[in-house]
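Please open the structure in a viewer and keep the selection tool at hand. The tour below proceeds from one selection to the next.

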Amino acid sequence: KDCRYRYIYANRRVCESLGVPLEALIGHEDSELLDAETAHTMRRNDERVIALGERIELEEAVPAVGHNIPRTYFSVKLPLRNPDGSVAGLCGISTDITERKLIEEALREQDQLFKEMSEIAHVGGWAFDPKSGQGTWTEETARIHEVDTNDATNATYGLSFYEGDSRLKIDEALKEAVEHGR
């Protein structure tokens, strides 16, 4: 059957995200507020909740609307039920994760730059979780120590490659990191 999904309520943040006042939102469909592709994707997600009668969690990308920049939301959509248990509609709750997604992308770019720099300069790097002692190392560090990049490592194994003053300095640095967060 042809279902029409209209906003019946929205909080202040939804209105801010879409750049419209509440009066312009209530009674309207996503297709009236968003570009056709985004509205279609959101409608398919909503229809899935209605058809399955089950909650879903997903990320939804919304292009720039009004004065706002493109946003990414972590959305939870769940069915609203009639007293007889049939699905009457749905409730969507979204959290704006745009900033987190931008930070994740910046970290990926930084990681790629670090990788490229270490390859060019033939300098390796490694990191260890201070609680578990488990660690990772760059491809260059693995090459320097003639081990497989995918080999599991830990602080003890990583430190075993160093001797003398170098080992003392690294031991001290590791101790400062673990005990004092420096």
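A residue counts as buried under 20% relative accessible area, as exposed over 50%, and as partly exposed in between. The model on display is predicted.

**First stop: helix 8.** Select residues 164-180, which form helix 8, and within this helix show Arg 167 and Asp 171. Their side chains meet in a salt bridge, with 3.2 Å from N to O. The two residues are four places apart, about one turn of the helix. In general, an α-helix has 3.6 residues a turn, so residues three or four places apart point the same way. Arg 167 has a relative accessibility of 28%, which lies between 20% and 50%, and therefore counts as partly exposed. Asp 171 is likewise partly exposed, with a relative accessible area of 28%.

**Second stop: strands 2 and 3.** Select Asp 96 in strand 3 (residues 87-96) and Arg 71 in strand 2. The closest N and O atoms of this salt bridge are 2.8 Å apart. Because the two residues lie in these two strands, the pair ties together parts that are 25 residues apart in sequence. Asp 96 is partly exposed at 26% relative accessible area, and Arg 71 is partly exposed at 23%.

**Third stop: helix 4 and strand 2.** Now select Asp 46 and Lys 77, whose side chains form a salt bridge of 2.6 Å, N to O. Asp 46 belongs to helix 4 (residues 36-52) and Lys 77 to strand 2 (residues 71-81); the pair links distant parts of the chain, 31 residues apart. Are these two residues buried or exposed? Both Asp 46 and Lys 77 are buried.

**Fourth stop: the nonpolar core.** Keep Lys 77 in view and add Met 42, which touches Lys 77 as well as Asp 30, Leu 34, Glu 60 and Val 62, leaving aside residues up to four places away in sequence. Met 42 is also one of the eleven residues of the largest nonpolar core, which includes Leu 18, Leu 34, Val 65 and Tyr 73. Helix 1 (12-18) and helix 4 are the elements that give two or more residues to this core.

**Fifth stop: helix 5.** Select residues 98-121, the 24 residues of helix 5. From its first C-alpha to its last, helix 5 reaches 34 Å, close to the 34 Å expected. Just after helix 5, His 122 takes a positive phi of about 55 degrees.

**Last stop: a network.** Show Glu 59, Arg 100, Lys 101 and Glu 104 together, since salt bridges link these residues in a network. How many salt bridges are there in the model? The count comes to 13.

Notes
Residues numbered from 1 in each chain as written. Predicted model: local features only at pLDDT ≥ 70, side-chain atom pairs only at ≥ 80, totals over all residues. Heavy atoms only, no water. Salt bridge = Lys/Arg side-chain N within 4 Å of Asp/Glu carboxyl O. Buried < 20%, exposed > 50% of the residue type's maximum accessible area, 1.4 Å probe, protein only. Expected span 1.5 Å × (residues − 1). Core = buried A, V, L, I, M, F, W, Y, C linked by side-chain atoms within 4.5 Å. Contact = heavy atoms within 4.5 Å.
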